[in-house]
Amino acid sequence: MVSLTINGKVVRAEEGEYLLAVIRRMGIDVPALCDHAAVEPYGGCRLCMVEITKESWDGWKNYVTACLYPAEQDLIVNTHSEKVIELRTSLLDLFLARNPETPLIQKLAADHGLTKTSFEVVPEPNDCILCGICTRVCDEMGFAAISMVNRGHGREVAPPLNEAPPDCVGCLACAQACPTNYIKFEDIGTTRKIWGREFELLTCEKTGRPTITREFAAFLSKHRDIPEEYFKVNDEAHRDELASTMGRITRWSVQEETK
Amino acid sequence: MKHDLSRVPEIIERYPQQPSSLIMVLQDIQKEFSYLPCEALEQTAAKLGVPLSKVFSVSTFYNAFSLNKKGDTVVRVCIGTACHIRGARQIQEQLETALKIQAGETTKDGKFTLEVVGCVGACAMAPVVLTNDRYHPQCKVNTVKKLVAKR
């Protein structure tokens, strides 16, 4: 364990634990757009920038992304210093030029007193903030079906060769994790459309409702040791079964006690 | 345009069959075909054990790689600071007029590709134009067209 000071309060943290986690645990609100529980920290959005210093640094200060900076003994952190707010505001000004219509960005910007960007808005704005959560989640799932392509102002999330991604199984992890709902998909009956591909959804034997795609079920049973039987019913039916099993156990134990 | 892709496996096998060989393999493929054919990317991904999406990501990141076929002669106009102040933009315009294409495009006959690049590290020779790997120093607006004259 190490002890450090955050906004004037002495706190304890695991050595090597990232600052953002410690800050969040204290209930301090620091914006972060590329942070997601399912993936490793990325340092992409730069919004979680904080000011750090130490007694021994002779007044020298540094500005680091809290999501990637490990907690250290005697570190003094300021999450909302004047300079930090200024940095965050400039970043949001840039975000607003890229995503002027995105509610998440509009709200964060408004919190920092910005309603309009001081830069020129990009020609065709969309809701993608380039946080890379979708591509990283996809890597983490083991598919790596989509990735970041091009660079600079042409950077975007795309499937390989800009064609329907061969490695996609239609699990929807990317769309689920996207903080701005930029990734579009469509479920009609037992057909799922995403990234220009069409998948067939399995149907729950008990409720008759669609469950997951055939390809995803095949992947999970092959690589994650989940029996294929498990996908014959949906979560609802699983919960139903669990509830009735628990009910049976309770009734049985009551019987046992009254014997 | 059809290409002989039979040399691709041999190119891939020049390096250890592991993800870290990716850029070297792509460089050799680019050199061989003067662009990266899609089929070659797919073969590279499969052989090196890199997801196709990552191969595409790398191929689109570096300027050295091109997914479109480049001309036989790649004409690069340096627009770095020194060249810029010595009239690189006018040189670029002259070449665009002569080749009837914009920077970044390839002529229909596949002979020339025109590109603008940052600094090529020869500021003393500004303004500089490169044809493939050959440097042409102190280019002049009224003579630069000769570089792309039909040969």
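## Exercises on a two-chain predicted model

Asp139(A) and Lys54(B) form a salt bridge in this structure, with their closest N and O atoms 3.0 Å apart. Keep in mind that this is a predicted model.

**Exercise 1. Check the salt bridge, then describe the interface around it.**

Step 1. Start with the pair itself: a salt bridge needs a side-chain nitrogen of Lys or Arg within 4 Å of a carboxyl oxygen of Asp or Glu. At 3.0 Å, Asp139(A) and Lys54(B) form one.

Step 2. Now count: 1 salt bridge is found between chain A and chain B, along with 6 residue pairs in polar contact, both partners at pLDDT 80 or more.

Step 3. Look at the side of chain A that touches chain B: strand β6 (residues 147-149) of chain A gives it the largest share, 3 residues. By type, the residues of this side are 9 nonpolar, 3 polar and 3 charged.

Step 4. Finish with the extent. Chain A brings 15 residues to the contact and chain B brings 12. About 1200 Å² is buried between the two chains, and carbon and sulfur atoms give 61% of that area.

**Exercise 2. Work out how the two domains of chain A meet.**

Step 1. Find the bounds: domain 1 of chain A covers 2-80, and domain 2 covers 133-240. Taken over C-alpha atoms, their centres lie 34 Å apart.

Step 2. List the contact: 9 residues of domain 1 of chain A touch 7 residues of domain 2 of chain A.

Step 3. Turn to area. About 600 Å² is buried between these domains, with 61% from carbon and sulfur atoms. On the domain 1 side, His36(A), Val39(A) and Tyr42(A) lose the most area to domain 2, together 67% of what that side buries.

Step 4. Check the polar links: the interface between the domains has 0 salt bridges and 2 residue pairs in polar contact, both partners at pLDDT 80 or more. The residues on the domain 1 side divide into 6 nonpolar, 1 polar and 2 charged.

**Exercise 3. Which residues of helix α4 of chain A are buried, and what do they pack against?**

Step 1. Walk along the helix, residues 133-141: the buried residues are Ile133(A), Cys134(A), Thr135(A), Arg136(A), Val137(A) and Cys138(A).

Step 2. Follow them to their neighbours: the buried residues of α4(A) pack against β6, β7 (156-158) and α5 (173-177) of chain A. You have already met β6 of chain A, on the side that touches chain B.

Step 3. Step just past the end of α4(A): Gly142(A) has a positive phi of about 100 degrees.

Notes:
Residues are numbered from 1 along each chain as its sequence is written. Chains are lettered from A and ligands numbered from 1 in the order in which they are written. This is a predicted model: local features need pLDDT of at least 70, side-chain atom pairs count only at pLDDT 80 or more; totals for chains, interfaces and linings use all residues. Side-chain values use heavy atoms; hydrogens and water are left out. Contact means heavy atoms within 4.5 Å. Buried area is the accessible area (1.4 Å probe) that two parts lose on being put together, summed over both. A polar contact is a pair of N or O atoms within 3.5 Å; within protein, one must be able to donate a hydrogen and the other to accept it, and residues adjacent in sequence count only if both atoms are side-chain atoms. Helices (H or I, at least four residues) and strands (E, at least two) are DSSP runs, numbered from the N terminus. Ala, Val, Leu, Ile, Met, Phe, Trp, Tyr, Cys and Pro count as nonpolar, Asp, Glu, Lys and Arg as charged, and the others, Gly among them, as polar. Domain bounds come from an automatic or database domain assignment. Buried means under 20% relative accessible area, exposed over 50%, partly exposed in between (1.4 Å probe, protein chains only).
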